[in-house]
Amino acid sequence: MLTTPDFAEITADADISTGRHGNRAKCLQRIVRLDLPVPLTVALPFDTVRAIAKGRMPDMAALTGIFGDGALLSVRSSSEMPDWGGPGTILNIGMNDAVAEQLAATHGRDAAEQLYLSFIRCYAVDVLRLDADLFSGTMTPRLAKAHFEDEMEEPFPQDPAVQLTEVLRSMARAWEGTTARLLRQAQGAPEDAGLGLVVQRMALGIGQGISGSGVLQFVSSTSGEPQVTGRYLPQGQGRAALSENAAQFIECDTRGPALEDSAPDAVAALRRAGELMRKRLREEMQIEFTLMNGELFILDAVRCPRNARADVQIAVALAEDGVISRQEAVMRIPPFTLNQMLHRQVDPKASRDILTRGIAAAPGAATGKIVFTASAAQSAAAQGEASILVRRETSPEDIRGMHVARAILTERGGVTSHAAVIARGLGVPCVAGATHLQLDQRKKTLTVPGRKIFHEGDVITVDGSSGEVLVGAPPLIEPVTGGAFATLIAWADEFRDIGIRCNADTANDVAAVTGFGIDGIGLCRTEHMFFDPIRMTVMREMIFAEEADDRAAALARLLPMQRADFTELFSLMQGKPVCIRLFDPPLHEFLPGDRDGIRALAEALDLPVSRVAARIEALQEFNPMLGMRGVRLGITVPEIYEMQARAIFEATVAASKDGKAVVPEVMIPLVSAMREVELVKARVDAVAASVRAETGKNFAYRLGVMVETPRAALRAGEIAEHSAFLSFGTNDLTQMTYGLSRDDAGRFMSAYVSQGVFHEDPFQRLDTEGVGELLLLGAERARAARPEIILSICGEHGGHPDTIAFSRAAGLDYVSCSPFRVPVAKLAAAQLALAPDLAPKRDDAEA
């Protein structure tokens, strides 16, 4: 065995590691340790490849000498992680005039010329980057060498060491190129990630007896279930079997010829090899093999490709079979992988006619007819038609249409815009901030520069996972949330050490996550309960009431509606905590903004149009998100919060009759001063006392604060003295800390991130430095004042693994997130709890 600082022969006891030689080199060593038939192989470590890229070559005579004279070689890339990719494989290095003549004598002239021509083309185009057209069409080795000499002004190299030198140099420099670096960084690779190279003696796959090459695996890449998948190409090389029409099946198959028909012993050996790899490498592997005159060689084995469903199925099956532990199964699945199982996805094999791109605001994909209004979406749903709601930006008035639309597309906004937040809660795909869209609401048309005009009723597909809007209806893959998925989430529940609640506003929202298992509702936004048309009318009557008695009468009509809502939520949650945020948005959001809407409202209220328009104008604010909303509305129009508190407590009494005690959590929004909490608390306590007296039933409740302003975070100590819990609303807290509108930031956010102003979009990933410091200060001061206080995060950041890591470190009790982010959050929380004791070690595990 020859080992030098520049390269090492891969043997059972060679010093080969993933961190120095890459994943493929280490995997080949494991296969060697299993006594499987691997051709002679040499590994070049990262440092050697870096040196080659800079022009310093290893001892090529020593390297080629390992394989002996006349050997044909292949070179494969070996990055540290398989997903980081690398340059493509180069085969048949060492092919020259002399070797071609030897092969012609042993394998036939046609086979020899085929191999030689294939190598000349590959060497010229893939290694030296010559024009592929020069070597296309009908060609012979003699003609191809002539073209090569004309272009390079030198003969085609005959020395195997020269050929190998150029191949190694080309692959090393390709890895250092800008495109390759960006691609691997997109997969999570560090900027200085290294590349190893693996040089292997060729097993030709071309011979007199049963000879050929093939690729197979023993599970389905789409379901993860046991299934022999692969192809075999007689007289073939490399992975050509996967693309050639002449390829055969592996196992006997009624659809056509199979390798098992002619070489049953070889197929049996491959099955044994696959089972051995599964047990010893603890993974489902895809095997690349060659048969040469009936003799089996295993050239390579990599983790078999798989989608999210298969990834989960494989991990769970390995754990259930005792190959890996349940903890490792949980650690193996990247949390965001689960998004692909929770929502429909565009089939990866489908062609994509991309109309435009925006921000991937809510995952999943859906196809439907374009509609431009919420009412049109409702009409389409009534007729059983799928619709895509297209808006410049959505408002609370669009809620009903958003509930029935298959997907939402907006010209403005970002990941925390109204459209994005509601879509994630509903589990509806959303692309926001598609700034190239040109909408004409009056003509009901959608235009993208350079494309045709789309009209209402035209079919498009919204891919909220990629941020792409597609023309037409590509095939979709249905979500899968049972079986292995449910098992994995159950295991995650065993290991996580932080609570996971969901943001849910209605019984439908709760029903959507019942199968996921939640610890409670961390945010119920009560204003979303008012967007039913009947309730909207009553709400508007309350807004237009000029006398307290008229306002009280309107609220009295809303009371039983709210009570029924809360009773249903409490009953569904079966004693689990439900945190109800009191009314938050400014009142003008419940009023129409267009002429037709104002006229319809005037008719409903039996008021002159001019009076309605004047009242709407009077309610307008220069900056409504910082104006009369939240606790400010509760203090200046206290009847609203009093009605809601009564509804909550009466529902508490009604839901507690079933036996399980209900302890509601009442949350005050947008607090910035302790006195605000005192005022609202006094009124809520008074309502609770009144309900107790009226019903004769005693009940408990917790009153807390949604910390959304920087001042509330800084004054959390004194606010905590009057609060049973504090929940940090990171959406508004981020807006106010940065002075950014989450609905408008998308216009410049990409420029800010690309130029390094922000590391990440702070509305997508929690800013742990700025906003995070406010959270830490608030948590520390609240705990100091009231050690038993419950602390949490309930903003859209709550379901992100980074936020969960931050919350655990900060000592928060739970996070709350959109319903369809709950499984992602659970898996991330479990991995963070396990990480100190069980980081995945499969890359360097001994076979």
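## A walk through the predicted model

Set aside neighbours within four places in sequence, and Q438 is in contact (heavy atoms within 4.5 Å) with T445, L446, T447 and P449. This is a predicted model, in which local features need pLDDT of at least 70 and side-chain atom pairs count only at pLDDT 80 or more, while totals for chains, interfaces and linings use all residues. Residues are numbered from 1 along each chain as its sequence is written, and side-chain values use heavy atoms, with hydrogens and water left out.

Q438 belongs to strand 17 (residues 438-440). Helices (H or I, at least four residues) and strands (E, at least two) are DSSP runs, numbered from the N terminus. Q438 has a relative accessible area of 43%, so it is partly exposed. The scale is this: buried is under 20% relative accessible area, exposed is over 50%, and partly exposed is in between, with a 1.4 Å probe and protein chains only. E411 is 27 residues from Q438 along the chain, and their C-alpha atoms are separated by 7.9 Å.

Next comes the loop between strand 17 and strand 18 (445-447), where K444 is found. K444 is not a glycine, yet its phi is positive, near 55 degrees. Most residues other than glycine have a negative phi. K444 counts as partly exposed because its relative accessibility is 31%. D606 also has a positive phi, of about 60 degrees, and is not a glycine. Its loop runs between helix 22 (595-605) and helix 23 (609-619). At a relative accessible area of 70%, D606 is exposed.

Now the whole chain. The secondary structure comes to 33 helices and 30 strands. Along its principal axes, the C-alpha trace spans about 105 × 60 × 55 Å. The protein chain has 847 residues, and 55% of them count as buried. Take the contacts with a separation of 6 or more: residues 24 or more positions apart account for 67% of them.

Helix 6 (residues 109-127) offers a check on geometry. The expected span of a helix is 1.5 Å times one less than its number of residues. For the 19 residues of helix 6 that gives 27 Å, and the end C-alpha atoms are 26 Å apart, which agrees. Its buried residues are A111, A112, L115, Y116, L117, F119, I120, C122, Y123, A124 and V127. An α-helix has 3.6 residues a turn, so residues three or four places apart point the same way. The buried residues of helix 6 pack against strand 4 (90-93), helix 5 (97-107), helix 7 (141-152) and helix 8 (160-176). After helix 6 comes R129, with a positive phi near 65 degrees.

C122, on helix 6, counts as buried because its relative accessibility is 15%. C817 is in no disulfide, and the nearest cysteine sulfur, that of C502, is 7.4 Å away. A disulfide is a pair of cysteine sulfur atoms within 2.5 Å. The structure holds zero disulfides. C817 has a relative accessible area of 0%, so it is buried.

Two other buried residues follow. E708 is found in the loop between strand 27 (702-707) and helix 27 (710-714). At 2% relative accessibility, E708 counts as buried. Beyond residues up to four places away in sequence, E708 touches R629, P669, L670, G729, D732, L733 and M736. T178 is 530 residues from E708 along the chain, and 42 Å separates their C-alpha atoms. T803 lies in helix 32 (residues 801-810). T803 is buried, with a relative accessible area of 1%. Apart from neighbours within four places in sequence, T803 is in contact with L766, I793, H797 and G798.

Last, the empty space inside. On a 1 Å grid over the protein atoms alone, a cavity is a set of points where a 1.4 Å probe fits but cannot get out, and lining residues have an atom within 4 Å of a point. Grid points are joined across faces, edges and corners, and a volume is the space filled by probe spheres set on the points. The count comes to six cavities of 30 Å³ or more. The largest has a volume of about 100 Å³. Its lining is I399, H403, V421, I422, G425, L426, D505, T506, D509, R525 and H528. Helix 16 (399-404) and helix 17 (418-426) each supply at least two lining residues. Helix 17 gives the largest share, four residues. By class, the lining has four nonpolar, four polar and three charged residues. Here Ala, Val, Leu, Ile, Met, Phe, Trp, Tyr, Cys and Pro count as nonpolar, Asp, Glu, Lys and Arg as charged, and the others, Gly among them, as polar.

Conventions:
On a 1 Å grid over the protein atoms alone, a cavity is a set of points where a 1.4 Å probe fits but cannot get out, and a pocket is an open set with protein on both sides within 12 Å along at least five of seven lines; lining residues have an atom within 4 Å of a point.
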